[in-house]
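Grab your viewer and work through these short exercises. Try each task before reading its solution.

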Amino acid sequence: MAFTNKSHFLMLFIISSTLILFVSALDFSNAPAEAPGSGGDGLLPLAEKHVVIRNKVKIREILNVYCKSSEDDFGIIHLPWNGTWGFRFHVDIWKNTKFRYHFTWHKGGSHYFYIFKVSRDDSAFGQIPVCKECIWEVGKDDENPICRIPREKENNPYCFKWEDGP
C-alpha cells in the first residue's frame with residue numbers, strides 16, 4: 001500500500017513541476033522572439049497581437065465591420081471615415097487562430113476577408129513579415145482594397161484582394 005502512495009506522490013510531483021514550468025514559460029510570451037532591432041514581433045505560441053482597422057473608404061462612407069472567430073464575436077462596429085477600431089488577443093497554442101471580417105459600406109457592396117490568420121500574419125516562413133501590431137486600411141483602392149501597413153514607414157503596404165468566397 002505504501003508503494004502505491006509513493007508512486008502517486010511521485011506522479012503528482014511530476015505533473016505539478018511540468019505545469020509550473022509551462023506557466024512560467026507563458027510569462028515570456030511577450031518577449032521578442034527575434035533579435036533586437038528586428039521589429040520585436042513575437043513568433044512564440046500565445047504571442048499577443050493587436051489588430052487595428054482604419055476606415056479609408058475612398059467615398060468617405062461609414063464602414064460597417066462584423067468580426068468573428070471560432071471563440072469571439074465582436075458584433076457589428078460602425079466605423080466613421082478615417083476612424084479606427086482595434087482589439088487584442090493571443091494566438092492559440094496550436095497556432096490556428098483566425099478572425100474573419102465582413103465589411104460593408106454604402107455603394108461598396110459586401111466583402112469578406114480574414115483580417116488575421118497565422119499562415120499569413122504569424123509565420124516566419126510566410127510571404128509577408130510577422131506582425132505584432134497588424135494595422136489594416138480598408139477601401140482606399142479598388143485594385144487592392146485591403147492593405148496591411150508595416151510599422152516601418154519605409155516599407156510598402158501589403159495589399160490583398162477580397163476573400164469573398166464561401
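Below are three exercises on this fold, each with a worked solution. The model is predicted, so to speak of local features we need pLDDT of at least 70, side-chain atom pairs count only at pLDDT 80 or more, and totals for chains, interfaces and linings use all residues. Residues are numbered from 1 along each chain as its sequence is written, and side-chain values use heavy atoms, leaving out hydrogens and water.

**Exercise 1.** Find which strands supply the largest nonpolar core.

Solution. Start with the term: such a core is a set of buried Ala, Val, Leu, Ile, Met, Phe, Trp, Tyr and Cys residues joined through side-chain atoms within 4.5 Å, where buried means under 20% relative accessible area (1.4 Å probe, protein chains only). Here the largest one has 25 residues, and V51, I53, L63, Y101, F103, I115 and F116 touch the most other members. Next, map them to strands (DSSP E runs of at least two residues, numbered from the N terminus): β1, β2, β3, β4, β5, β6 and β7 each supply at least two residues. β5 gives the most, with 4.

**Exercise 2.** Work out how β5 and β6 pair.

Solution. Pairing takes at least two DSSP bridges; these antiparallel strands have 8. One of the bridges puts F103 opposite H111. Then check the hairpin: 3 residues lie between the strands, and K107 has a positive phi near 60°.

**Exercise 3.** Decide whether I146 is buried or exposed.

Solution. Locate I146 in β8 (146–149). Its relative accessible area is 0%, so I146 is buried. Finally, list contacts (heavy atoms within 4.5 Å): beyond four places in sequence, I146 touches residues including F103, F113, I115, W136 and Y158.

Note on methods. Buried < 20%, exposed > 50% of the residue type's maximum accessible area, 1.4 Å probe, protein only.
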